[in-house]
Structures are given as structure tokens and as C-alpha cells.
Amino acid sequence: MQNKTSPFIAVVGGGAAGLMAAITASQSGATVHLYEQNNKPAKKILASGNGRCNISNTIVSSADYFGQKPVFSDFSLSIFSFSQLEKFCKSIGLLLNVLDDGRAYPLSNEAKSVALSFESYASSCGVEIYNEHPITQIEKKADKFYLHTALNISEAYDKVLISTGSEAAPQLGGSALGYELAASLGHSIVPTYPSLVQLHINSTVHEKISGVKLDAEVTLFINAKTEQSIKGDILFTKYGISGFAILDISQMASEALLNYQSVDIGL
């Protein structure tokens with residue numbers, strides 16, 4: 001039930017960002033409703049980190065972000081550092097295991113620990129979670145927002161946060177819905193392209209050693225110029241290469257391919 005003196009906020013999307021935003025808003029005194037299209041929140045969390053959920057990194061900075069203005073993340077990182085994340089996780093009963101390279105996983109080594117902890121804590125904070133409620137339209141009248149579902153129209157909200165994620169992993173609910181909702185409210189959309197993905201390569205070598213995994217240095221060349229070198233694990237597959245090192249260079253590789261540039265990889 002809404003507290004008439006508190007802000008009334010709707011969060012669209014119950015992934016990691018949506019759950020954390022809902023928790024933060026509720027702790028700040030807002031009345032929060034969270035809408036999720038799947039039958040439960042956090043499905044992408046369950047699939048992250050090969051089912052282990054690499055929840056964060058001790059040395060994360062704006063240098064790890066991509067986009068037109070990566071420094072946009074500096075403010076958030078300055079007020080919610082890794083140590084603060086770790087403290088928050090501990091407060092909700094989620095203990096972390098921090099590896100020597102800075103990667104942090106739940107101590108249970110299971111992503112479901114993260115999903116359950118965040119969902120349970122959001123509910124305990126008073127967040128009302130509406131599963132199987134895909135939003136088809138967001139309508140603004142005067143200074144209020146109304147969310148349309150297939151069955152009804154919501155109450156009037158003071159604020160709406162769209163945290164639907166990207167089109168990645170459609171089998172987990174990923175779609176262009178968030179872009180469409182944002183565009184309908186007057187926002188411009190930056191064209192998207194794949195990132196944090198495996199790479200198909202124009203070779204037959206990988207087929208002969210499919211299944212082999214090793215630590216190595218990967219160098220990305222764009223138009224025969226060295227752009228990035230990263231050390232990490234590499235997994236050879238029937239279609240190409242995968243592993244953490246490949247995921248790390250895939251964003252830059254994808255962008256170059258989108259712009260019809262020559263892309264080569266050295267191991």
C-alpha cells in the first residue's frame with residue numbers, strides 16, 4: 001500500500017539493476033512497485049559467470065566501461081565502491097569470495113545465492129514485486145506515469161525507472177522493450193551491437209582443438225594496428241574462441257566489425 005507522503009516509484013525490470021534500484025529507493029523512503037515479465041526476477045543473474053555470478057571486481061573503474069562517455073560511471077563508483085558493495089552483501093546474508101585477480105563470486109559459488117538474496121531482501125524492504133507483468137506502454141499524463149499491461153493500467157506513479165536490460169539472451173527474456181518504452185517517452189536510442197560475447201573466427205585451427213582451455217595473452221588488431229592486449233583464459237570451440245579474455249576484447253572487436261574494419265586476433 002502506498003504511503004501518501006512518500007514518492008511512488010515503478011521499476012520496470014527485475015534484474016540485478018532493477019532489484020538494486022528498488023531496494024535503494026525503498027530504503028530511502030519511497031513506495032516501490034517492481035514489474036518483471038518473467039515468472040521470477042533475476043533470471044540473467046542465474047546465468048551469469050557460468051552459473052557462478054561474477055558479481056563485481058575489487059578494481060573496477062570507469063576504464064572498464066564503454067560508451068560515448070565512460071566517465072559517467074565515476075560518480076556511482078565513488079559513492080558505492082566495491083568495499084561498500086561487499087558490506088551491503090554481507091548485511092543481506094550474501095558472503096563473497098574474492099579471488100586473487102579481483103573477481104568476486106558468492107561464497108556458495110552459485111548464482112542462485114545472489115538472486116535469492118536480492119529478491120528476498122527487496123521484499124523485506126517493502127518492495128512489491130509483480131512477476132509475469134510485461135509492460136506494453138508507459139503513458140505520461142501531467143506529472144504522473146501510468147504503466148499499461150495486457151490486463152490493466154497501473155496506478156499513477158511519480159517516477160518510473162526502466163531497467164529492462166538489453167536484447168542479449170532472449171531465452172532469458174532479453175528484448176528491445178526497454179528501448180521502445182524509452183523512445184516513446186522522448187528519449188533517443190544509441191544503436192546497439194554485441195559485446196561480452198564469443199567470437200567466430202575465419203580459420204579451421206580452432207576446430208581441431210575444440211574444448212581446449214588455457215591461459216594466454218590475446219591481442220586485438222584493428223586495421224593491422226594493435227588496439228588491446230589482455231591476459232586471461234581462452235576456450236577453443238567448434239565455431240571460434242571464448243573465455244574471459246575473449247569476452248573482454250569482444251566489445252571493441254564488435255564495434256570495429258560494425259564499422260566494416262579489418263579485425264585480427266593474435267594469441
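Start by selecting residues 213-222 and 225-236. These are strands S11 and S12, which pair in the antiparallel sense over ten bridges. Keep in mind that this is a predicted model. Now pick out Leu220: the residue opposite is Gln228 in S12.

**The antiparallel sheet**

Widen the selection to the whole sheet. Five strands make up this open sheet, and their pairing is antiparallel. Read across, the order is S10-S13-S12-S11-S14. Which are the edge strands? They are S10 and S14, each pairing on one side only.

Add H8 next. This helix lies across S10, S11, S12, S13 (240-242) and S14. Against S12, H8 runs at about 135°.

**The second largest pocket**

Stay with H8 and show the second largest pocket. Its volume is about 450 Å³. Select Leu199, His200, Ile201, Asn202 and Ile265: of the 22 lining residues, these lie nearest the pocket's centre.

Colour the lining by element. Strand S10 (199-200), helix H7 (205-208), helix H8 (244-258) and strand S14 (263-266) each give two or more residues to it. Which element provides the largest share? That is H8, with four residues.

Then colour the lining by residue class. You should find 15 nonpolar residues, six polar and one charged.

**The parallel sheet**

Move to residues 8-12 and 31-35. Here strand S1 and strand S2 pair in the parallel sense over five bridges. Pick Val11, and look across to Leu34 in S2, which stands opposite.

Bring in the other strands of this sheet. Four strands form it, open and parallel, in the order S6-S2-S1-S9. Select S6 (128-130) and S9 (159-162) to see the edges. Each has a single partner strand, so one side of each is left without a neighbour in the sheet. Look along the sheet for its twist: neighbouring strands are turned by 20° against each other on average, direction ignored.

**The whole chain**

Zoom out and show everything as a cartoon. How many helices and strands does the protein have? There are eight helices and 14 strands. The radius of gyration is 21 Å, close to the 18 Å that the globule rule gives for 267 residues, so the protein is as compact as a globular protein of that length. Finally, turn the C-alpha trace onto its principal axes: it spans about 65 × 40 × 35 Å.

Key: Residues numbered from 1 in each chain as written. Predicted model: local features only at pLDDT ≥ 70, side-chain atom pairs only at ≥ 80, totals over all residues. Heavy atoms only, no water. 1 Å grid on protein atoms, 1.4 Å probe; cavity = no way out; pocket = protein on both sides within 12 Å on 5 of 7 lines; lining within 4 Å. Points joined across faces, edges and corners; volume = space filled by probe spheres on them. Nonpolar A, V, L, I, M, F, W, Y, C, P; charged D, E, K, R; others polar. Pairing = 2+ DSSP bridges. Contact = heavy atoms within 4.5 Å. Axes fitted to C-alpha atoms, helices over the stretch in contact; angles between N-to-C directions. Rg over C-alpha atoms; globule rule 2.2 N^0.38 Å.
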